[in-house]
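Let's take a friendly walk through this model together. Have the viewer open and follow along from one residue to the next.

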Amino acid sequence: MTDWAAFTLAMSAFLCSHFVPRLWGLREKLIARFGRRGYFTAYGGLSLILLAWVVVAAGRAPYLEIWPQQPWMRWLPNFMVPLAFVLATCGIGVANANTLGGSRSRSFEATNPGFAAVSRHPLLLALLFWALAHLVANGDLAHALLFGCFAAFPLVAMWAFDKKTARQSAENSADVIAHTSWLSLTPFLHVSWWRQNLRPIVLRTMLGLFLWAGALHLHERVIGVWPFP
């Protein structure tokens, strides 16, 4: 099998793993059979395996330059990825059922929205930041396709989740759209928001930076690429 064929197969498998479960009610049937925890644990493990496969396949694909790599491009992920990790750790369980990693048990409250005031889709936004930073830093065709797909997915997903929320008749669904956005820095300027969220934000930020430091340390060993210029 050629390197391009291996990359195409890996990309196809990764994309299919995200779309096929939504066809014919397959995901709902599997959840009913194995439970939500069992299904998402298995699905998450499979996604990580396929992600590793497609990243390795992209690295082995023939190098076809689209734009030349500049030193500042290699620095961009080192500024954007820590932010993505913090967004992800702070956003897990956000008060928005219609998003990746959102809480289904916690209702949105306009007077105390938590991290949803910063973003109603923090995990998807984190994925977008990670993908765009790596897209700029990798100017060859294979990685442009890889990170371009990763950047397109959260954009489509955030739009689809918002459409789903807008169609719902629940009162708090309207509040989610009215009082939140994809990204807002305004909450950081309000003392009242910090009073409500200081402890969890600090702890989750520390966790995000710790995970980022671990990923940075393992980047060359696992991915095979030194992350600095």
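A good place to begin is a small polar detail: a polar atom of the S184 side chain lies 3.3 Å from the backbone nitrogen of T186. Please keep in mind that this is a predicted model, and that distances like this one are computed from its atoms. To find S184, look in the loop between α6 (171–179) and α7 (191–223). The residue has a relative accessible area of 17%, and because the cut-off for buried is under 20%, S184 counts as buried. Which residues does S184 contact, once its neighbours within four places in sequence are left aside? They are A117 and V118. The link to V118 spans 66 residues along the chain, yet the two C-alpha atoms are separated by 4.9 Å.

With that detail in hand, let's step back to the whole chain. The secondary structure consists of seven helices and zero strands, so if you read the elements from the N terminus on, you get α-α-α-α-α-α-α. The C-alpha trace spans about 55 × 45 × 25 Å along its principal axes. How does the radius of gyration fit with a compact globule? For 229 residues, such a globule would have a value near 17 Å, and the 19 Å of the chain agrees with that.

The contacts and surface add to this picture. Among contacts with a separation of 6 or more, 73% are between residues 24 or more positions apart. Of the 229 residues, 34% are buried. The accessible surface comes to about 13600 Å², and carbon and sulfur atoms hold 69% of it. As for charge, the chain has 18 positive and 9 negative charges, and their mean positions lie 9 Å apart.

Now for another loop. N96 sits between α3 (71–91) and α4, and its relative accessibility of 4% makes it buried. A polar atom of the N96 side chain lies 3.2 Å from the backbone nitrogen of N98. Which residues does N96 touch, not counting those up to four places away in sequence? The list is G102, S103, R120, H121, T165 and V176. Two of these can be placed on the helices: T165 falls in α5 (residues 141–167), and V176 falls in α6 (171–179).

From there, move along to helix α4 (residues 122–137), where you will find H134. With a relative accessibility of 13%, H134 is buried. Beyond the residues up to four places away in sequence, H134 touches P77, V81, F147 and H219. These partners come from several helices: P77 and V81 lie in α3 (71–91), F147 lies in α5 (residues 141–167), and H219 lies in α7 (191–223).

Helix α5 is our next stop, and H143 is a residue to look for there. Is H143 buried or exposed? It is buried, with a relative accessible area of 15%. Leaving aside neighbours within four places in sequence, H143 is in contact with A58, G59, L135, N138 and G148. H143 can also be related to V54: the two are 89 residues apart in sequence, and their C-alpha atoms are 9.9 Å apart in space.

Also in α5 (residues 141–167) is F153, whose relative accessible area of 35% makes it partly exposed. Not counting residues up to four places away in sequence, F153 touches L124 and L127. F153 and L124 are 29 residues apart in sequence, with 8.5 Å between their C-alpha atoms.

Our last stop is A61, in the loop between α2 (26–60) and α3. A61 is buried, at a relative accessible area of 10%. Once neighbours within four places in sequence are set aside, A61 is in contact with D3, W4, F7 and A142. One further distance ties A61 to T8: these residues are 53 apart in sequence, and their C-alpha atoms lie 9.6 Å apart.

Terms used
Residues are numbered from 1 along each chain as its sequence is written. This is a predicted model: local features need pLDDT of at least 70, side-chain atom pairs count only at pLDDT 80 or more; totals for chains, interfaces and linings use all residues. Side-chain values use heavy atoms; hydrogens and water are left out. Helices (H or I, at least four residues) and strands (E, at least two) are DSSP runs, numbered from the N terminus. The radius of gyration is taken over C-alpha atoms; the globule rule is 2.2 Å times the number of residues to the power 0.38. Buried means under 20% relative accessible area, exposed over 50%, partly exposed in between (1.4 Å probe, protein chains only). Contact means heavy atoms within 4.5 Å. Accessible areas come from the Shrake-Rupley method with a 1.4 Å probe; for residues, only the protein chains shown count as cover. Lys and Arg count as positive and Asp and Glu as negative; His and the chain ends are not counted. The place of a charge is taken as NZ of Lys, CZ of Arg, CG of Asp or CD of Glu. A polar contact is a pair of N or O atoms within 3.5 Å; within protein, one must be able to donate a hydrogen and the other to accept it, and residues adjacent in sequence count only if both atoms are side-chain atoms.
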